[in-house]
Structure formats: C-alpha cells, structure tokens
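Here are my notes on the model you sent over, written as numbered points. Have the structure open while you read.

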Amino acid sequence: MTTRLAAAGIVCRWEITGSREQPHNLSFGTVERIDRISPSFTRISVTGPDLWRFAEGRLHFRLLFGPNGAGWPHLDASGVTAWPGGVESWHRPVYTTREIHRLGEAGARLVFDVFRHEGGRVTAWIDGVALGETVAITGPSGSRVPPAARRVDLVGDETAIPVIARIIAGLAAGTSGTARLFVPSEDDVQSLRAPEGFRVMWIPRDGGVLPVHAGLALPIPQADAFSFFAGERDDMLAVRARLIEASAPKNRYHVAAYWSKALAEG
C-alpha cells in the first residue's frame with residue numbers, strides 16, 4: 001500500500017503501537033527435525049515462541065530467504081516493513097502448515113512438507129540446513145479451511161499434497177467424497193487418516209492420467225458439496241473455466257495455481 005501511494009505522490013507515516021521492531025506477521029523458529037519421508041518429500045519441524053497463531057485461520061505461510069548477511073526484515077521509522085537489499089532480492093516461497101502442536105502459552109511446533117525438485121532453492125536449503133538453525137516465516141496467509149460440506153472432492157498434484165492432507169485431516173466424521181493425489185512414484189504414497197466413506201486415491205505420474213483430467217472430472221458442487229483443485233497454472237485455468245461455465249456456486253469450490261509450467265521451463 002505504501003509503495004502504491006508513494007507512486008501517486010502521497011507520503012504516509014503509519015502510527016506505530018508499542019515497541020515492536022519486527023513486522024507483526026513475522027515470526028522466528030528453530031529447525032528441530034528434518035525427515036525424508038519419501039523420495040520426493042521432506043518434512044521439517046520448527047519450534048518457536050509465537051508460532052501458535054498459525055494454528056487457526058489461513059493454511060499457508062511464507063519462508064524467508066534473503067541476501068547473505070542482509071539481516072531480517074524490520075520496521076522503519078514510519079512503521080513500514082524494510083527489506084534489507086530490497087524486497088525483490090528475497091525468495092519467499094509459500095508452504096502449508098501440515099501440523100501444529102502447542103508447546104506453551106504461545107509457543108508451538110510447526111510441521112510442513114516440501115516437495116523436492118531438481119534446482120529448487122528450498123530443496124537445496126533442506127540439504128544444507130542444520131538442526132538448531134533459525135528460520136523466519138510470515139503469515140498465516142492464503143487459503144482457509146473449506147466450509148463444512150456433506151461431500152468434498154479434492155484433486156492435487158505433488159505441490160498440493162500438503163494442503164490436501166491438511167484438509168482431509170480436518171474433515172468431519174461422515175463426510176463423503178474423494179481425494180485424487182498425484183505423485184512421482186508409488187514410493188511417495190503417504191498414509192492419511194480420513195473419515196469412513198471418504199476415498200483417498202494415490203495416482204503415480206507414470207499411469208497416463210494427468211491432474212487436469214481429474215480436475216475436469218470433478219463433480220459440479222451444489223449447496224451441500226465442495227470441490228478443490230490445486231496444481232499447475234494452465235491446469236487451474238481449465239478447471240476454473242469449466243466450473244464457471246457450469247455456474248457452480250463460487251463459495252462451493254476453490255481452484256488454485258501453485259506453480260507455472262512456463263516459468264519452470266523458462
């Protein structure tokens with residue numbers, strides 16, 4: 001907001017409350033555990049004094065990776081977040097709070113899964129990070145827990161496995177529906193607890209079926225149902241177009257792009 005207002009010639013000075021020097025949505029944690037749970041996924045556990053706020057509301061957060069030796073973001077004299085080296089020099093990937101466990105009044109253990117891929121900056125970080133290292137995260141942000149529904153249908157590629165696993169874990173008893181989860185190989189299949197009558201299907205990539213095929217086959221949700229698709233951007237656009245064309249109620253589905261093939265190939 002400050003940047004846009006400045007571009008219009010309006011200079012703002014924000015009122016600062018208290019003596020906090022770091023942004024209110026910024027938290028620090030300590031890497032407690034690193035587990036390679038399958039060939040394509042690594043699970044990270046982080047503990048911190050004010051992480052419990054990630055337990056409710058939105059499902060995602062951002063990891064912060066800045067220029068070497070730049071220091072962490074902080075509030076400047078006018079109360080605006082200052083990014084050492086410029087915000088463009090920071091890598092801020094989005095991840096899902098897979099699990100969270102309370103450790104004290106505000107402290108918690110936050111668990112998240114990372115899909116490993118060649119050339120990925122976070123994959124490289126995982127392979128070099130040490131236990132006890134400090135990490136910075138902002139949020140929560142992004143999607144919320146889907147609304148209650150009698151039937152829920154979920155489709156996601158590898159990048160959406162963590163959020164779909166989180167959604168399944170929160171389903172009420174008696175919820176029917178399906179989850180179609182795409183993974184590189186059968187060795188990446190995870191054990192997920194789901195309500196009785198809810199079917200979880202793991203689909204290896206070498207089977208010929210693509211996430212977009214499953215997404216386009218999602219039932220058109222009505223008042224007592226909810227549909228969810230997350231994956232590559234072009235796939236997302238195709239699935240969303242079908243739901244819009246079918247006049248699906250906007251509050252009964254969520255379609256999200258977690259990556260772009262064009263950017264990955266570029």
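1. Let's begin with a pair of residues you can find quickly: F228 has H254 of strand 14 as its bridge partner. Keep in mind that this is a predicted model. The two strands involved, strand 13 and strand 14, run parallel and are joined by six bridges.

2. Now look to the other neighbour of strand 13. Strand 10 (residues 151-156) also runs parallel to strand 13 (residues 225-232), and six bridges join them. Within that pairing, V155 sits opposite F229 of strand 13. How buried is strand 13? Eight of its eight residues are buried, so the rest of the structure largely encloses it.

3. Zooming out, these strands belong to an open sheet of five, in the order 12-11-10-13-14, with parallel pairing. Strand 12 (198-204) and strand 14 (253-259) are the edge strands; each has a single partner, so one side of each has no neighbour in the sheet. From one strand to the next, the twist averages 10 degrees.

4. Two helices deserve a look here. Helix 3 (residues 161-169) packs on this parallel sheet and touches strand 10, strand 11 (176-183), strand 12, strand 13 and strand 14, with its direction at about 160 degrees to that of strand 11. Helix 5 (residues 233-245) lies across strand 13 and strand 14, and runs at about 165 degrees to strand 14.

5. There is a second open sheet, and this one is antiparallel: seven strands in the order 6-3-9-1-2-8-7. Its edges are strand 6 and strand 7 (99-102), each with a single partner strand, so one side of each is left without a neighbour in the sheet. Ignoring direction, neighbouring strands here are turned by 40 degrees against each other on average.

6. For a landmark in the antiparallel sheet, try strand 2 and strand 8, which pair over eight bridges in the antiparallel sense. I44 is the residue opposite F112 in strand 8. Helix 3 turns up again here: it packs on this sheet too, touching strand 2, strand 3, strand 6 and strand 8, and its direction makes about 150 degrees with that of strand 3.

7. So helix 3 has contacts with strands of the parallel sheet and with strands of the antiparallel one. How many of its residues are buried? Eight of the nine are, so helix 3 is largely enclosed by the rest of the structure. The buried residues are I161, P162, V163, I164, A165, R166, I167 and I168. Yes, there is an arginine in that list: R166 is buried.

8. Helix 2 (residues 121-128) has a two-sided pattern. V122, T123, W125 and I126 are buried; they span an arc of only 160 degrees around the axis, which puts them on the same side of helix 2. R121, A124, D127 and G128, on the other side, are exposed. As background, an α-helix has 3.6 residues a turn, so residues three or four places apart point the same way.

9. What covers the buried side of helix 2? The cover includes strand 1 (26-38), strand 2 (41-48), strand 3 (58-63), strand 6 (94-96), strand 8 (108-115) and strand 9 (134-144). Helix 2 lies across these strands and runs at about 120 degrees to strand 8.

10. Out towards the start of the chain, L5 sits in helix 1 (residues 2-7). Is L5 buried or exposed? With a relative accessibility of 24%, it counts as partly exposed, because the cut-off for buried is under 20%. Apart from neighbours within four places in sequence, L5 is in contact with I10 and C12. From L5 to E118 it is 40 Å, C-alpha to C-alpha, and 113 residues in sequence.

11. Last, the overall numbers. The protein has six helices and 14 strands, and its C-alpha atoms fill a box of roughly 55 × 45 × 45 Å along the principal axes. The radius of gyration is 20 Å, which agrees with the value near 18 Å for a compact globule of 266 residues. Buried residues make up 43% of the 266. Of the contacts with a separation of 6 or more, 67% are between residues 24 or more positions apart. The accessible surface is about 14,300 Å², and 51% of it belongs to carbon and sulfur atoms.

Note on methods: Residues are numbered from 1 along each chain as its sequence is written. This is a predicted model: local features need pLDDT of at least 70, side-chain atom pairs count only at pLDDT 80 or more; totals for chains, interfaces and linings use all residues. Side-chain values use heavy atoms; hydrogens and water are left out. Two strands pair if DSSP finds at least two bridges between them. Helices (H or I, at least four residues) and strands (E, at least two) are DSSP runs, numbered from the N terminus. Axes are lines fitted to C-alpha atoms, for helices over the stretch in contact, and angles run from 0 to 180 degrees between N-to-C directions. Contact means heavy atoms within 4.5 Å. The radius of gyration is taken over C-alpha atoms; the globule rule is 2.2 Å times the number of residues to the power 0.38. Buried means under 20% relative accessible area, exposed over 50%, partly exposed in between (1.4 Å probe, protein chains only). Accessible areas come from the Shrake-Rupley method with a 1.4 Å probe; for residues, only the protein chains shown count as cover. The arc is that of the directions from the helix axis to the C-beta atoms.
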